[in-house]
Amino acid sequence: MLRLNDVSAGYEKPKPIIKNISLEIKAGEIFIFVGPNGSGKSTLLKTALGLLLPQSGSITLDQKNLHTLSLQERASKISLLESQISIAAPLTVDELLDLSSATSSNSLIKHDVIKALDIKKFLNRSILELSSGEKRRVLLAHALATPSEIIMLDEPFAHLDWRHQIQFVETLVHWQKNFRTTFVLAVHELNLAVQLAHRMAVLDKGNLIACDTPENIFTNPSVGEVFAFQAMIDENPIDGSRRLTLAKR
Amino acid sequence: MSRTQTLITKLIIAFLITLLCMLWSLHVGTAPISWSNIFSWLSSLFAHTTADNNLTSDQNFFILSTLRGPRTVAAFGIGAALGATGLTLQTLLKNPLAEPYTLGLSGGSALGAIAALTFNLEPATFFVPLASVMGCVLAVSLILALTWRRLHYESRSLILFGVMTSLFFGALVVTLLAFLSPDKMQAAMLWLLGEFGTSRDLWIFKLGPVIFICFALLMWRAKSFDAMELGDARMLSLGFSPRQEKLIAVILCTLMTALAVSIVGLVGFIGLASPHISRRILKSSQHQWLLPASALTGGTLLIAADNLGRILAKNSEIPAGSISALLGAPVLIALLVRRHHATIE
């Protein structure tokens, strides 16, 4: 369980990017942050990882303060894949997957992620030669193979084509069910977020606007204000999943 | 053959090439020594035979034991240090053009070393390397002040900054030279060019173990350097402290560069070329393989440069640093033109 107690954090001392955020993410849930560009989603994820120190407030993992845990303990509990990673070295895809776990490599998990993200055909290629969508899939596979209880992914769907987006939604659900992994995502694709999330949180200008189930989030008037839309959630007539319909306000 | 076996085989071949290059280094020079003499000298070294006086008094044996042997070991140790340092700096700064020379680390070390020489600090075996380390720390501080926030500072600006630092330190060194006596000035000038065959070659037997320990520590952190390629968030996610691992890398690079420079002077491009050659040959980016490969490549390249310097100039020597610059500068230019730097978004 990840808990943020009144957390403010940012890159410069007097100007926090996220302000007084309090929320709790339960073990085994898929929790999704949404919000306009610059609303503080990435900053919040980096703070939860411990990469940024909170300027005030505290973060606890299973009732223990994040910053008192050893690095190994912390890594076994929480990990983050950022939305942008610059790599200068010609790592092969296989090497990148082997790097997922600093201590041991679990060949079963590795086999699973290779299949789930459809990356078998470029296992031996250098990551520098791949297209942006292919690189994204490889990095997602790397992140999924990390054996931490909470996996945070910043914009996992960016650069993926439609088929791989849907495939990745299924993979996350499968992972959460089978391995009881907790997923914390920051996402711009609202329709995918609605299908996937157990609970969602809306951020705007560093403030937490709402934190609720997808159904309740989109009927919340202050959320409509943030995005300047009217939203409706009903059942998708084709497959029975949640369907989000948006209209400009 | 499994991937690991292939990589080990390649490392063994690299090691054998290094050995051949060392033998070649014992052979060439103003007084060529026959292969049979070299082999009997080597066997006397390894067999620890209480050498019978006939052989030890032999002039060739004297040259091998006191001049060429130490020279070969020094060239290997320093080349290996520069190769491993170059690789680590490229990873640390996420910059394929980084190396001790282009970043100005060597320049800082040379400044310190020559300052110690100028002020006649004795014993030189202790004070010159110490001053060299201090000079290197100065250069590293300058680089870090520029790049600490964004360690993957844009390649070309970083190299420009490094070259400027080098030039500045070079100018300071030349200023210092004006205060030296003519004979010392000569020695100091050759230092700036990176020369073997001085009495400092013997220092390798004192400084070599320190360099080796630094290298062993780099090997110990190999996995964290792999993670470093992926940025701070992934380092933390995999259980490595970005700050701590980078600090370890910086300290080890500083020490290795400074000690290497205190023996031979300024040698450029070995640290740049070795990691690139190793990557190309191994087709791997894992530091557990790249570090030994870069060290072997660096050692071999520097021995070869030194050998060429002895062969090309009759009755004299071209400093190894000049040879490596002659061959290395075009490599840097080629890399600048066709840079391997991709950003994943």
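Biologist: What makes you say that chain B, with its 345 residues, has the radius of gyration of a compact globule?

Modeller: A compact globule with 345 residues would have a radius of gyration near 20 Å, and chain B has 20 Å, so the two agree. The radius is taken over C-alpha atoms, and the globule rule is 2.2 Å times the number of residues to the power 0.38. This is a predicted model, in which local features need pLDDT of at least 70 and side-chain atom pairs count only at pLDDT 80 or more, while totals for chains, interfaces and linings use all residues. Residues are numbered from 1 along each chain as its sequence is written, and chains are lettered from A and ligands numbered from 1 in the order in which they are written.

Biologist: What share of chain B is called buried?

Modeller: Buried residues (20 or more other C-beta atoms within 10 Å of their own, with C-beta atoms placed from the backbone) make up 49% of the 345 residues in chain B. Along its principal axes, the C-alpha trace of chain B spans about 70 × 60 × 35 Å.

Biologist: Which helices and strands does chain B have, and how do two of the helices, α1(B) and α4(B), cross?

Modeller: Chain B has 15 helices and one strand, where helices (H or I, at least four residues) and strands (E, at least two) are DSSP runs numbered from the N terminus. The axes of α1 (residues 3-27) and α4 (residues 59-92) of chain B come within 9 Å and cross at roughly 145°; such axes are lines fitted to C-alpha atoms over the stretch in contact, with angles from 0 to 180 degrees between N-to-C directions.

Biologist: Which residues of α1(B) and α4(B) meet?

Modeller: Two residues are in contact if their C-beta atoms, placed from the backbone, lie within 7 Å. By that rule B:Thr18, B:Met22, B:Ser25 and B:Leu26 in α1(B) meet B:Leu64, B:Arg68, B:Thr72, B:Ala75 and B:Phe76 in α4(B).

Biologist: Turning to chain A, why do β2 and β5 stand at the edges of its sheet?

Modeller: The open sheet of four strands has the order β2-β1-β4-β5 in chain A, with antiparallel pairing, and two strands pair if DSSP finds at least two bridges between them. In chain A, β2 (18-25) and β5 (64-65) each have a single partner strand, so one side of each is left without a neighbour in the sheet.

Biologist: What makes β1(A) and β4(A) a pair?

Modeller: Five bridges join β1 (residues 2-9) to β4 (residues 56-61) of chain A, and these strands run antiparallel. Within this pair, A:Leu4 stands opposite A:Ile59 in β4(A).

Key. A residue is buried if 20 or more other C-beta atoms lie within 10 Å of its own, exposed if 12 or fewer, and partly exposed in between; C-beta atoms are placed from the backbone.
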